[in-house]
Amino acid sequence: MQIQIQTFTVHKRFPLTISRGTTAESNNILVKIQQEGIEGWGEASPFSSGEKPQTTKILQQALEQLTPTLKKFTPLDRQQIEQVLIELEIPSAARAAIDMALYDWVGKKVGLPLWRLWGLERNHIVPISVTIGISTPEAAKQRVRNWLEFIDARVLKVKLGSPEGIEADKAMLMAVKEEAPADALLYVDANGGWSLEDAVKMCDWLATVGVIYVEQPLAAISAIADLPHLYRRSPLPIFVDESCFAAKDIPVLAEMVHGINIKLMKSGGLTEAMRMVYVAKACGLKVMFGCYSDSCLANTAAAQLAPLADYLDLDSHLNLIDDPFIGAVMEKGRLLPNDLPGLGVCLNGGMI
């Protein structure tokens with residue numbers, strides 16, 4: 001099989017601020033795998049969670065070095081290819097791009113969308129949340145209005161963990177609540193921005209104002225030590241993101257959280273994401289799918305597995321002004337994969 005690698009840049013309509021910083025653009029990578037006249041696509045997007053940040057440069061170098069090794073395989077050799085990627089310690093986002101492209105190729109080969117190939121049901125897909133980044137109360141209100149201008153948003157994910165402290169978090173959350181539709185659901189993601197003491201206080205308070213769950217309240221480096229106390233103490237369900245990359249992480253976390261956030265860039269692709277779903281459910285945990293600065297390509301790939309998720313946070317591509325791809329479509333607040341074979345992703349007017 002032949003492999004092509006191409007970088008592309010996407011720009012956010014509104015920069016996103018979380019506890020670790022602000023992003024306005026992202027340099028992502030498109031991977032194309034070709035054989036028998038069929039071309040499968042995958043995406044790698046950089047992210048900074050974990051011990052080793054996965055920059056565009058690191059991902060591109062890994063993919064370029066990997067290409068000669070993979071030429072001897074076919075897109076049907078997914079198990080062998082996965083083992084090679086693991087043995088060579090290829091970063092997870094680069095593995096995700098290869099894995100996505102292999103599945104896209106197979107779906108196109110048999111003429112079926114992946115959700116249909118896996119026997120999943122689109123009617124089981126829940127609405128996605130849209131994200132409100134850390135900001136002033138007035139800016140948060142404006143961001144809610146911005147979302148509502150083009151999406152019937154009924155689920156809002158509010159980023160907290162402000163450097164200004166939990167009082168600033170409270171003020172912003174109440175501003176969002178005031179501006180949001182009366183029937184909107186509110187989720188909170190602190191991206192590890194709280195101490196244990198502040199996390200306990202915030203979980204108590206957030207439960208009184210109608211928040212559904214809290215994601216990554218504690219920094220990943222301290223989570224294993226402190227999560228058991230918060231788990232016993234919190235009136236709200238606790239989800240983890242930065243603390244959970246792959247299926248092997250789940251059993252350790254199972255007695256101290258209520259759910260996990262699966263991201264294709266963390267997991268290394270759809271193959272590992274599916275393993276994570278089943279391990280999490282076997283452990284009695286809820287499952288969420290999330291994203292980084294992913295385009296419609298990666299979010300459409302995640303949407304193929306969306307019927308298996310309890311919560312969905314796949315909104316990054318909706319905040320892009322120059323997404324080069326079109327794929328999954330929004331319908332009544334839900335991101336639904338289409339009926340096209342493979343991932344069902346096409347170029348958006350030749351933008352790349």
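Two strands are taken to pair if DSSP finds at least two bridges between them. In this predicted model, an open sheet of eight strands follows the order β4-β5-β6-β7-β8-β9-β10-β11. The pairing is parallel. Strands β4 (130–132) and β11 (311–312) form the edges, and each pairs on one side only. Within the sheet, β6 (residues 185–189) runs parallel to β7 (residues 211–215). Three bridges join these two strands. Leu186 stands opposite Val211 in β7. In total, the secondary structure of the chain comprises 12 helices and 15 strands.

The overall dimensions were examined next. The chain has a radius of gyration of 19 Å, which agrees with the value near 20 Å that a compact globule of 352 residues would have. The C-alpha atoms fill a box of roughly 60 × 40 × 35 Å along the principal axes. Of the 352 residues, 57% count as buried. Among contacts in the chain with a separation of 6 or more, 72% come from residues 24 or more positions apart. The accessible surface comes to about 14,300 Å². Carbon and sulfur atoms account for 52% of that surface.

Aromatic side chains were then considered. The count of aromatic pairs comes to 11. Ring pairs link Tyr187, Tyr213, Phe239 and Tyr311 into a cluster. Tyr187 falls within the residue range of β6, and Tyr213 within that of β7. Tyr311 falls within the range of edge strand β11.

Two lysines also lie over aromatic rings. Lys263 is placed over the face of Tyr292, at 4.1 Å from the ring centre. The charged end of Lys266 sits over the ring of Phe245, 5.8 Å from its centre.

Terms used
Residues are numbered from 1 along each chain as its sequence is written. This is a predicted model: local features need pLDDT of at least 70, side-chain atom pairs count only at pLDDT 80 or more; totals for chains, interfaces and linings use all residues. Side-chain values use heavy atoms; hydrogens and water are left out. Rings of Phe, Tyr and Trp (its six-membered ring) pair if their centres lie within 6.5 Å; planes under 30 degrees apart count as stacked, over 60 as edge-to-face and the rest as tilted. A charge sits over a ring if NZ of Lys or CZ of Arg is within 6 Å of the ring centre and within 35 degrees of the ring normal. Helices (H or I, at least four residues) and strands (E, at least two) are DSSP runs, numbered from the N terminus. The radius of gyration is taken over C-alpha atoms; the globule rule is 2.2 Å times the number of residues to the power 0.38. Buried means under 20% relative accessible area, exposed over 50%, partly exposed in between (1.4 Å probe, protein chains only). Contact means heavy atoms within 4.5 Å. Accessible areas come from the Shrake-Rupley method with a 1.4 Å probe; for residues, only the protein chains shown count as cover.
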